[in-house]
Amino acid sequence: MAGLSPERLAEVKDRLLSRKRNLWLEVKDQLKTSIGDGYQEMLATARDEEDQATVSLMAETSLTLLGPKRQELEAIEEALQRLETGSYGLCEVCGQPIQPKRLEIMPEASLCRDCASQREKLAKATGR
Ligand SMILES: [Zn+2]
């Protein structure tokens with residue numbers, strides 16, 4: 001554990017879940033606008049399994065406009081998994097606890113500040 005109290009972890013989980021729900025609603029809206037009737041069909045068959053529906057809908061649609069939201073949803077999903085396994089709050093690169101302030105702002109963060117900025121630099125360097 002990364003020194004986070006059970007209360008804090010429960011709070012984080014709540015935040016992640018409500019953020020996921022909001023994102024999911026936004027994604028649904030976007031899909032509705034982009035795919036139209038086909039989407040309604042997909043949704044009608046998938047309504048009971050919203051989580052799976054998110055995954056399969058997004059797997060089936062390679063809409064670039066969903067990019068950032070899709071990434072955020074995936075990050076949230078991973079953070080929720082880390083909450084389950086008890087590795088939440090630890091940087092996945094260096095294994096050090098992620099700064100509490102950082103988690104406060106970005107509860108789905110999986111990297112500490114240093115590793116995140118390093119990765120950004122790397123992405124910028126290789127992205128050109
Ligand atoms: Zn790190």
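Student: Which exposed residues sit on the face of H4 turned away from its buried side?
Tutor: This is a predicted model: local features need pLDDT of at least 70, side-chain atom pairs count only at pLDDT 80 or more, and totals for chains, interfaces and linings use all residues. Residues are numbered from 1 along each chain as its sequence is written. A residue is exposed if 12 or fewer other C-beta atoms lie within 10 Å of its own, buried if 20 or more, and partly exposed in between, with C-beta atoms placed from the backbone. That face of H4 carries the exposed residues Gly-67, Gln-71, Gln-81 and Thr-85.

Student: How many degrees around the axis do the buried residues of H4 cover?
Tutor: The buried residues of H4 are Leu-73, Ile-76 and Ala-79. They lie on the same side of H4, because their arc (taken from the directions from the helix axis to the C-beta atoms) is only 120°.

Student: Why does Leu-73 count as buried?
Tutor: Leu-73 belongs to helix H4. It counts as buried because its C-beta neighbours inside 10 Å number 21.

Student: How far apart in space are Leu-73 and Val-27?
Tutor: In sequence, 46 residues separate Leu-73 and Val-27. From C-alpha to C-alpha, the distance is 9.7 Å.

Student: Which residue follows H4 with a positive phi?
Tutor: H4 covers residues 67-85. The residue after H4 has a phi near 85°, and it is Gly-86.

Student: How many helices does the protein have?
Tutor: Helices (H or I, at least four residues) and strands (E, at least two) are DSSP runs, numbered from the N terminus. From that end the elements run α-α-α-α-α-α. There are 0 strands, and the helices number 6.

Student: How many of the 14 residues of H6 are buried?
Tutor: H6 spans residues 113-126. This helix is hardly covered, with a buried count of 0.

Student: In which helix is confidence highest?
Tutor: pLDDT is the predictor's confidence in each residue, from 0 to 100. The protein averages 82, and 72% of the residues score at least 70. Confidence is lowest in H3 (residues 50-60), at a mean of 59, while the highest mean, 93, is in H6.

Student: Which residues make up the largest nonpolar core?
Tutor: A nonpolar core is a set of buried Ala, Val, Leu, Ile, Met, Phe, Trp, Tyr and Cys residues joined through C-beta atoms within 7 Å. The largest one has 5 residues: Cys-91, Ile-98, Leu-103, Ala-109 and Cys-112.

Technical notes: Expected span 1.5 Å × (residues − 1).
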